[in-house]
Amino acid sequence: MSIRIKLIIAFLLVALSTISLLMVITINHAGKVTSEEIENQLNSLVDQKLQTLYFYIEDKENYVANLASLPVVNSALNQLGTSFKKGVNNSAYVEKNSYYTPLLKNLMDQTDAYDIFLIDPQGNIIFTVLHESDFATNLLTGPFKVTQLNKAFIRASSYLETKITPFSSYTPTIDNPGSSSQDHNAFVAAPVLQGDKLLGVVAIQLHSNDYFHLSQDYTGIKSSGEIVISKLHGDYAMIISPLRRNPHSAFNFKYEIGSDYALPTQWSVSGQKGSGVSVGYEKTEILAAWRYIPELNWGIVVKIEAQEVFASVERLRRYFLITALIMALIVGVLAVIVSRRFTAPITALLKGTRKIAHGHLNFRLPKQSTDELGMLTDSFNSMLDARQASEQKLEQSNSKLSMVVESTNSGIWDWNVQTGETVFNERWASIIGYTLEELEPISIKTWIRHCHPDDLKNQKSLLQAHWRGESERYTFEARMKHKEGHWIWVLDIGMLVERDADGKPFRMIGTHRDITESKQWEQTLIEAKQQADIGAQAKSDFLASMSHEIRTPMNGVLGMLGLLGKEELTHEQARKVSVAKGSAESLLTLINDILDFSKVDAGKIELENIHFNPVTVLAEIVESLAIKVEEKNLEMVLDTNNLTHKMITGDPGRIRQIVVNILSNAIKFTHEGEIVITVSSEAITEHQCQLKFQIRDSGIGIPKDKLETLFDEFTQADASTTREYGGTGLGLSISKKLCELMGGHITVTSDFGEGSQFSFNVIADISNKKPEVIHEIKLNEMEFLVVDDNHTNRTVLRAQLEGWGGHVEEAESASEALQILEKKNFHVAFLDMQMPKMDGAELGRRIRKNEKWSQLKLIMMTSIAGSGLTKVIEEIGFDAYFPKPVTPSDIVDALALVMAEDHADVVVTRDYIRACEHDYHDGDWPKHTRILLVEDNPINQEVAKSILQDIGLDADAVADGSEALNALEIAEEDPYSLVLMDCQMPIMDGYTATENIRAGKAGEYCKNIPIIAMTANAMKGDKEKCLASGMNDYISKPIDVLFLENTLKVWLNKNIKKPKQH
Amino acid sequence: MPFKGLLPVFLLTLLTGCEHDQGTLKVGVLHAQTGTMALHEVGVTAATLFAIEELNEAGGVLGKELVPVVMDTESKDELAVEGALTLILDEGVEALFGCWTSSCRREVKPVLELFNHLLFYPVQYEGLEDSRNIVYLGSLPNQQMIPALHWSMDQFGKRIALVGSDYVYPLMANDILKQHITVANGEVLLEQYFPLGHQDFKAIVNDLKNSNVDVVFNTLNGDSSKWFFNELAKQNLPTPIMSFSVSDESLSQVAFTEQNQIYAAGSYFQSIDTKENKNFVERFRKAKGENIKISAAMISAYGAVKLWAKAVSKIKSTDSSTVSQALKGEVFHGPSGEMRISFINQHTWNPLYIAKQENNQFQIVKSFELYIRPITWPTYSKKVHWSSKLDHLYKKWGERWAPRSDSGEYQ
């Protein structure tokens, strides 16, 4: 079918279907709307009729009710009633009658009544105007007792009601000449009361003519409209008013209830209300509205013939049909014209293209119009032009390309992937020193044969990747065997240009370039870089060893200056020595920093892997810096509430270094206010967590422009800062590097003048070790070996161990130690690291090599901390490792741990002990524990007491040493268990007091009482001084609850033998 | 071709245009669920809700589901006023179904008239009122008390005692009754009113026992009627009692004696022997409980919902003026027969039965002419006469429709 025919059909189809659809919908809708509208009209019409009728009823009822209260009616009833008894012909009655007749007739006429009645309470009709046969009869007993008037009388007289009666035929009236039998009457009666006494009843008679007009007013209904008033008459609905098309219908037409016509009439008399399409009394289809009037037992119907209603709809339908036909005609003609206009240029185009297809390539289509078809013609023509031009270009570029291909420096290949057929150009062959002829027969195998076998291995995966579309180009570097026998480097760049119908690779083309020369360059570059790296490494190494080398003589300088300072010097000399010492110390700090920095820079820092609890590490730092903080009157707050990982594995020393660095700065640059350290942790994987540290101070702050370079080496906030506060400017740089080494970073924010906030984080392994439980241990009868070249160290340690009941042997050197070990079995050996000839590590290694000492526990003591020794010590097989000085409680704990059978395979360090739990932690204190607190400062006294109370201990407090002696002496019968002794006190200080106690001046029993010093930790020598005076242990102020508790546990524990008296 | 695209759009518009809208219609139920009136009104509420449920099952009204909002008046008039305000203003109900006592209705009336809202009132009352905003479904004195009076005087004699609750309905209804008694040469020997919720009837029953009263007219409301009956039974009073505000629910659990003669007049008794009634009783008891007693007011309340729904469906509007216009002459065929709204006033044509207590159930002893026309204002006295009497009571009680009571339950 041609476009033209299709167009015509489509036009007609669309137009006709639209029109017919519209027609159907509109006619349906119009029908519905029309009938709805008419129905509404009928409803409101019938309601209007009802309104009129009810107005009539109410009017009559009100009128009669009103009559009853009129004096004239009252007096008429009275007087006529009296005279009536004498007979209606009696002159008395006649007289009264003639007096009242015009009055009452007037009242009757006013309401258009047919007659008016006065009835006495006994039912006698004592007055009427018309004097029909009912006059002077008795309504209860007389001939008319079965009338509506009788009913009206009874209603009024006994129920005192005024209600209209239904219309019906009334014999006295029918009998009256001039009336017809079709006349119907209704009555309205009202009681006439005199006070509470019934005087009689007044009633009016209404005639059916009154309502006939109701059914004869056709305003508002169409020409077929009718109003049907009927009433139920036996089993019939009787029409009681004239009909439009039959004036004599009243009382003549009746329809049996249940018959299949006059339905609305039947419904109306049986009490229904409604409207709709139904069958009329003429058995035609009608639209009607019907109502029931219960007061009169009437039904009323307003109806209209359906034919008339729908006539307009029918007309509409006809108009539509005609319109549709005309429209179809117009559309048809239009379709023919339009389709011709459409198709003519298309036909021309068709002819033109056919011509071109037959080879007339220079033919151009004639342009016929400027519309879309004209544009199409133009486009077609220009397409032809463009095609001609591009064909020419293609031809040109083809010839160019072949020139290029032949003259290019690159080899070209074209490979049929499926058959292996391959085409190379001459250059391809010449790259490897051949001519194409020499390589015949050429296939992909030609290439494979010349390719280096090692390189071929990689080729396949590269090719597959390209085929899968993962790489845009296939790029491959390979060595090819030159005709002359050497290898040359070539670069192949290719592309898959065709796939077969199944999507499999079909054809690839590419180039083949000699890159031997650039390959050689590349090699040179790599070597140069390696050289440079070695240089940088050498520099770092140099710096590190330099610093180390400088440090050694610096130690000499410092030592000598120290010695010099102790000699007797003049004031000037002393000042000079002090300045020299200060400078030397600064230099040493700088050197240490440089050493650290160069180590970091050279990647030489090795991180420890120690199990520890960050809380204890921080607590120690805070404790150690407490003095400085106190001196400056600052607040220092440590918040570890959000630290969820209590046991981790990492390098506590390095973390300590960073924190101390930042914290020292904070203390240094803060003159008032507070320093807040916040630590939190969150898991990042199952095995790792991130520790977040934040140190906020309220110090002088850092200017914005300095923030960026703050972590660069040799940078400080200000040159003047260096002058004022000192420092090398390396600390933060080292901290930054350490953070990065531990997988984190460090940042700073600061408001100049308001304070600074340093935040850093590190990544640590979550330790799967549960905090180990430190059990009680019996140290008596244990065999100890102490190996140290320093005599004092040996003596102090021996004293402590023997104090707990252990047996101690000493060795001055490693070789002596080995000799002693050969002779005797020991439980534990304490080895000093720094010893001449053979150091502690080497000694440990030797001991561990010997099977028979495998049970010996080895504890390393060193004065150099944080030097990455843990790893070495662990490898050797040491059980514990402590930097000096070691507190006695740490030693006890360490011994308890290493001697325990279920001890984890971990090197015990101070950090590890801090992370452990004491099994006697939560237990009860021994019974009768009494503590004497010796402290002069009342505030400190309060603090100590409340801490003791918190852990369940009560203490008596005294203010100085002499009071303490007294208190101990008095308490002989209820002895004290332990003394907490402040060192600096007036009257008698702690050292003196201890010496006195040990000398028995406070009573024999407390010669061995445990005395624990509370030191301000100000000087390094304090602790030694405490132990030397006879105290058993020491804790630092401010008092840490945990440390205090641990220490007390150790010393209140009965299983530890009290130390011997010095 | 541009037409092709338009055609489906055109069709779609036609189709969707015919779609009916969905949603809900709220109706207010304003009855006491607690307090002295709960005896009557819990049942009325159930009947109202039952009608709503039936309508919803049949697809709702105007295609929308009816949602009842029940407000408990707690047998307190001021709470009824508040409840009416809440239902009209806050809940936005389309119509109200509620009130038992005349005092409740008369208190709520100004609210209804202010907001031109429609209340359907299901209880027999004194008349003397004809608000365009209330559809009265209960019987007026001319539909209940007056015919019952004449029947009683014929049956028992003309010496009459009047016992009622102390509020507007018993007082005004008896006022009308007294006029009729006098005209009929009857005699009122005793007349006494008790506060609503009153429980002690020992003295009055004793007084009755010692009098020569032929018949007692009882207009007690709320649970007082039960206490009264109990006392009658206790003292074995043989005088016939004609009650106007009771139904089977007031009889339950009273141990009547052989001598007790308890009568009631009403537009409905549960024992009416018609197919429609039996069917309804069965349906209603299945939904609301096998032991539930059905009163005339419950039937009126049930019919009220149905009549409202019928009018709304016809005029497709819930506007109260339009609904009230459409209700004129409307009729519902219920369990008690036809319920027809008068064209003259907004009252119903009601049937009348007189029933006698037998085994704690009222059995019909007399059926009157079917469907008595409602007459609101007795015509033998002028309207102004009734108005001034009402006004007098209203002022006497301190501008309310019932005297203040110390119990606080009914004020």
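The following questions and answers concern the cores and helices of a predicted model.

Residues are numbered from 1 along each chain as its sequence is written, and chains are lettered from A in the order in which they are written. Local features need pLDDT of at least 70, side-chain atom pairs count only at pLDDT 80 or more, totals for chains, interfaces and linings use all residues, and side-chain values use heavy atoms, without hydrogens and water.

User: Which helix gives the most residues to the largest nonpolar core?
Analyst: A nonpolar core is a set of buried Ala, Val, Leu, Ile, Met, Phe, Trp, Tyr and Cys residues joined through side-chain atoms within 4.5 Å, where buried means under 20% relative accessible area (1.4 Å probe, protein chains only). The largest has 140 residues, and Met242(B) and Trp308(B) are among those touching the most other members. With 13 residues, the greatest contribution to this core comes from chain B helix α10 (residues 296-315).

User: How are α1(A) and α8(A) oriented relative to each other?
Analyst: The axes (lines fitted to C-alpha atoms over the stretch in contact, with angles from 0 to 180 degrees between N-to-C directions) of α1 (residues 3-68) and α8 (residues 306-357) of chain A come within 9 Å and cross at roughly 165 degrees. Angles over 145 degrees count as roughly antiparallel. Therefore α1(A) is, relative to α8(A), roughly antiparallel.

User: Which residue just after α20(A) takes a positive phi?
Analyst: Helix α20 of chain A covers residues 731-741, and its buried residues include Leu732(A), Ile734(A) and Cys739(A). Just after this helix, a positive phi of about 80 degrees is taken by Gly743(A).

Conventions. Buried means under 20% relative accessible area, exposed over 50%, partly exposed in between (1.4 Å probe, protein chains only). Helices (H or I, at least four residues) and strands (E, at least two) are DSSP runs, numbered from the N terminus. Angles under 35 degrees count as roughly parallel, over 145 as roughly antiparallel, 65 to 115 as roughly perpendicular and the rest as oblique.
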